[in-house]
Amino acid sequence: MGARLQPFTCFWPKCLMPIHQTPLLEYWLSSLRYLNLQNVYVNSHHHAHEVNLFLKRKRFTSWVTNLYENELVGTAGSIRYNKEFFYNSHLLLIHADNWTALSIKDFLEYSAKMKNIDCVMSMVTFFTKEPKNCGIVTLDERRVVTDFFEKDPLVSSNLANGAVYFLDKTIVNWICENQEVSDFSLDVIPRFVDRIMTWHNNGYHRDIGQIDSLRKAQNDPRVKLYWKNDDKWMTKFREHGILKKLNLKYEC
C-alpha cells in the first residue's frame with residue numbers, strides 16, 4: 001500500500017515512483033530484458049489500474065504479465081495464489097520497491113551453484129545503516145544463512161536481506177502446497193535457514209518505500225535502459241504531478 005510514502009501513494013503506486021524521471025519498475029523490467037527473460041509476472045494491487053496502463057505498453061506486452069491481486073495474500077501467498085504459473089519451476093523473486101546497483105546476471109550465475117552446498121534458495125545481501133528497519137542475516141564461512149531477524153530493534157549486525165531471491169523449484173512447490181504460508185520473510189526464510197546461500201551487493205541498495213530514501217536515489221548514478229524512453233506513456237508520465245510534488249508538503 002506504500003503507507004510510508006503517503007501522501008504520494010494516495011494517488012500513485014509505489015512501484016512507479018520516479019528515479020531520474022523514470023519509474024522504478026521500468027528499471028527492473030529493463031534489467032530483465034537485457035537477460036532476455038521471457039516469462040515475467042508483475043503482482044499488482046494498490047493503484048493497479050495505473051500499473052496495468054504502464055504494462056500495456058508495446059515494449060512489455062509480449063513477455064510481461066500483470067497478476068492483479070484483489071485482496072492482499074502476502075509476499076509468499078502471491079506465489080501460491082498464482083501457482084499455475086510457478087509450480088514445479090525455478091523462480092527469480094524480486095521485491096520491486098528497491099532501487100539497487102546489483103547485477104542480476106551475476107546473481108543468477110552465482111545462484112546456479114546452490115546444489116553444490118545443498119541450498120534451495122539464494123539471497124542478495126547488502127550493508128545497511130538502518131538494521132532495525134531490515135531483515136538481518138548471520139552467515140557461516142560458506143556465506144550460508146545461519147539466522148534471520150526481521151526488523152528486530154536489538155540486532156547488532158548490519159548485513160541485510162536485499163529482497164531479491166532465486167528459488168529452487170523445491171521451495172516454490174513447498175510454498176504452493178502449504179496454505180498457512182503467507183509472508184516470505186516470516187514464513188519462508190526462517191523455515192529454510194541453513195539452506196539459503198547469499199550473494200553480496202557492494203553497490204547502493206535503497207528501499208524507496210521511505211520518502212527520504214526515494215529522494216536520495218535521485219542522486220545515484222543514472223542507469224541505461226534497454227529501450228529508448230520516449231513512448232507516449234513516458235511523455236505523459238514526465239508531465240505527471242508526482243515529479244513536482246515529491247519536493248512539496250501537502251495532504252491527501
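Tyr 226 is partly exposed, at a relative accessible area of 44% (under 20% is buried, over 50% exposed and in between partly exposed, with a 1.4 Å probe and protein chains only). Its partner Tyr 34 has the like label, partly exposed, at 45%. This is a predicted model, so local features need pLDDT of at least 70 and side-chain atom pairs pLDDT 80 or more, while totals for chains, interfaces and linings use all residues. Residues are numbered from 1 along each chain as its sequence is written, and side-chain values use heavy atoms, without hydrogens or water.

**Rings**

There are 16 aromatic pairs here (Phe, Tyr or six-membered Trp rings with centres within 6.5 Å; planes under 30 degrees apart are stacked, over 60 edge-to-face, the rest tilted). Tyr 34 and Tyr 226 make one of them: with the planes at 85° and the centres 5.2 Å apart, the pair counts as edge-to-face. The two are 192 residues apart, so this is a link between distant parts of the chain: Tyr 34 sits in helix 1 (residues 24–34) and Tyr 226 in the loop between helix 8 and helix 9 (helices are DSSP H or I runs of at least four residues, strands E runs of at least two, numbered from the N terminus).

Tyr 165 and Phe 184 pair up too, this time tilted, with 40° between the planes and 4.5 Å from centre to centre. They also join distant parts of the chain, 19 residues apart, with Tyr 165 in strand 10 and Phe 184 in helix 7 (residues 184–188). Tyr 165 is buried, with a relative accessible area of 0%, and Phe 184 is likewise buried at 0%.

Back to the two tyrosines: ring pairs tie Tyr 34 and Tyr 226 into a cluster with Trp 12, Phe 54, Phe 60, Trp 63, Trp 227, Trp 233 and Phe 237.

**Charges**

On the charged side, you'll find 12 salt bridges (a Lys or Arg side-chain nitrogen within 4 Å of an Asp or Glu carboxyl oxygen). Asp 231 and Arg 57 make one of them, at 2.8 Å from N to O. It spans 174 residues of chain and links distant parts: Asp 231 is in the loop between helix 8 (211–217) and helix 9 (232–237), and Arg 57 in the loop between helix 2 (48–55) and strand 4 (64–68). Both Asp 231 and Arg 57 are buried. They also belong to a salt-bridge network together with Glu 26 and Arg 59.

Asp 168 and Lys 115 form another salt bridge, with 3.4 Å between the closest N and O atoms. Here again distant parts of the chain are linked, 53 residues apart: Asp 168 lies in the loop between strand 10 (159–167) and helix 6 (169–177), Lys 115 in the loop between helix 5 (104–111) and strand 7 (121–127).

A local case is Lys 216 with Asp 212, whose closest N and O atoms are 3.3 Å apart. The two are four residues apart in helix 8, so about one helical turn separates them.

Here is how some of these residues, plus Asn 52, come out for accessibility:

| Residue | Relative accessibility | Class |
|---|---|---|
| Asp 168 | 4% | buried |
| Lys 115 | 57% | exposed |
| Lys 216 | 42% | partly exposed |
| Asn 52 | 27% | partly exposed |

Asn 52 is in helix 2. Its C-alpha atom is 9.4 Å from that of Thr 65, 13 residues apart along the chain.

**Helix 1 and the second largest pocket**

Helix 1 is mostly covered, with nine of its 11 residues buried. Among those buried are Glu 26, Tyr 27, Trp 28 and Arg 33. Just after helix 1 comes Asn 36, with a positive phi near 60°.

Which element gives the most to the lining of the second largest pocket? Helix 1 does, with six residues. Strand 6 (98–100) and helix 5 also supply at least two residues each. In total 18 residues line this pocket, and Tyr 27, Ser 31, Thr 100, Leu 102 and Val 223 lie nearest its centre. (On a 1 Å grid over the protein atoms alone, a pocket is an open set of points that fit a 1.4 Å probe, with protein on both sides within 12 Å along at least five of seven lines; lining residues have an atom within 4 Å of a point.) Its space comes to about 310 Å³, the volume being what probe spheres set on the points fill, with points joined across faces, edges and corners.
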